[in-house]
Amino acid sequence: MEFVEPIRDKNKIKQVKLILKNNGLRDYLLFLMGINSGLRISDILKLRVKDVLNKEHIEIKEQKTGKYKKFPITKSFEKTLFEYIIEKNPNEWLFPSQKGEKPISRVQAYRIISKACNKAGITTRIGTHTLRKTFGYHFYQEKKDIALLQSILNHSAPSVTLRYIGINQDIIDENLKDFQL
């Protein structure tokens with residue numbers, strides 16, 4: 001199994017946002033929700049308009065863990081979300097496929113994200129899970145609260161969360177870089 005990386009450079013995130021915004025609100029919102037919620041792509045893709053319409057929080061049962069999750073519709077994607085759903089039917093998929101009555105697939109979400117990241121010059125390993133890891137990395141960098149991040153991501157231990165967002169390797173590299181006997 002190949003591991004993907006978070007997008008660590010905030011300027012690259014801005015570039016990806018611009019690229020996706022030019023593609024349309026659906027793709028842009030997909031990226032915004034992913035990097036600002038910490039949800040897995042499988043849970044994001046299962047959302048319907050009614051799950052977010054006139055709500056302050058989105059409530060789901062995580063597909064992978066079966067655990068209940070509630071998270072706020074944050075300022076980071078609120079305006080785009082409501083602009084996007086304004087004329088949609090409540091029963092529509094939030095991220096509909098152009099090929100019928102279902103949401104886009106995980107593979108299509110990967111193509112959208114990968115193509116935008118490539119255009120932005122991102123050379124690290126990218127995947128749909130990059131969105132969740134990007135959220136985790138930047139949340140930790142800003143808040144420095146590993147226990148809260150562990151809870152948000154539903155991880156079993158802080159060490160799992162640190163390894164997941166790549167902080168353990170950063171700490172090891174930084175501390176070993178100038179170490180000598």
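Ser42 is found in helix α3, which covers residues 41–45. In this predicted model, Ser42 is buried, because its relative accessible area of 19% falls under the 20% limit. Beyond residues up to four places away in sequence, Ser42 touches Gln63 and Arg106. The points below take up Gln63, then helix α2, then three helix pairs.

**Gln63 and its surroundings**

- Gln63 lies in the loop that runs between β1 (57–61) and β2 (68–72).
- With a relative accessible area of 45%, Gln63 is partly exposed, whereas Ser42 is buried at 19%.
- Leaving aside residues up to four places away in sequence, Gln63 touches Ser42, Asp43 and Lys46.
- Asn89 is 26 residues from Gln63 in sequence, and the two C-alpha atoms are 24 Å apart in space.

**Helix α2**

- Helix α2 spans residues 25–37, and its 13 residues should extend over 18 Å at 1.5 Å a residue.
- The end C-alpha atoms of α2 are 17 Å apart, which agrees with that expected span.
- Of the 13 residues of α2, 11 are buried, so the helix is largely enclosed by the rest of the structure.
- The buried residues of α2 include the charged Arg26 and Asp27, and also Tyr28, Leu29, Leu30, Phe31, Leu32 and Met33.
- Gly34, Ile35 and Ser37 of α2 are buried as well.
- Gly38 follows α2 and has a positive phi, near 80°.

**Packing of α2 with α6**

- Two packed helices are described by the angle between their axes and the distance between the axes.
- The axes of α2 and α6 come within 6 Å and cross at roughly 45°.
- That angle makes α2 oblique to α6, because it is neither under 35 degrees nor in the range of 65 to 115.
- The crossing of α2 and α6 is right-handed.
- On the α2 side, Leu30, Phe31, Gly34, Ile35, Asn36 and Ser37 take part, and they meet Leu131, Arg132, Thr134 and Phe135 in α6.
- The residues of this contact of α2 with α6 divide into 5 nonpolar, 4 polar and 1 charged.

**Packing of α6 with α7**

- Helix α6 (residues 129–143) and helix α7 (residues 146–153) have axes that come within 10 Å and cross at roughly 160°.
- The angle is over 145 degrees, so α6 is roughly antiparallel to α7.
- α6 passes α7 in a right-handed crossing.
- From α6, Arg132, Phe135, Gly136, Phe139 and Tyr140 meet Ile146, Leu148, Leu149, Ile152 and Leu153 of α7.
- By class, the contact of α6 with α7 has 8 nonpolar residues, 1 polar and 1 charged.
- Arg132 and Phe135 of α6 appear in the contact with α7 and also in the contact with α2.

**Packing of α1 with α5**

- Helix α1 (residues 10–23) packs against helix α5 (residues 106–119) at an angle of about 120°, with the axes 9 Å apart.
- That makes α1 oblique to α5, because the angle lies outside the range of 65 to 115 degrees and is not over 145.
- The crossing in which α1 passes α5 is right-handed.
- Val16, Ile19 and Leu20 of α1 make the contact with Ile112, Ala116, Cys117 and Lys119 of α5.
- The contact of α1 with α5 holds 6 nonpolar residues, no polar ones and 1 charged.
- Arg106, which Ser42 touches, falls within the residue range of α5, 106–119.

Terms used
Residues are numbered from 1 along each chain as its sequence is written. This is a predicted model: local features need pLDDT of at least 70, side-chain atom pairs count only at pLDDT 80 or more; totals for chains, interfaces and linings use all residues. Side-chain values use heavy atoms; hydrogens and water are left out. Helices (H or I, at least four residues) and strands (E, at least two) are DSSP runs, numbered from the N terminus. Buried means under 20% relative accessible area, exposed over 50%, partly exposed in between (1.4 Å probe, protein chains only). Contact means heavy atoms within 4.5 Å. The expected span of a helix is 1.5 Å times one less than its number of residues. Axes are lines fitted to C-alpha atoms, for helices over the stretch in contact, and angles run from 0 to 180 degrees between N-to-C directions. A crossing is left-handed if the near helix is turned anticlockwise from the far one by less than a right angle, and right-handed if clockwise.
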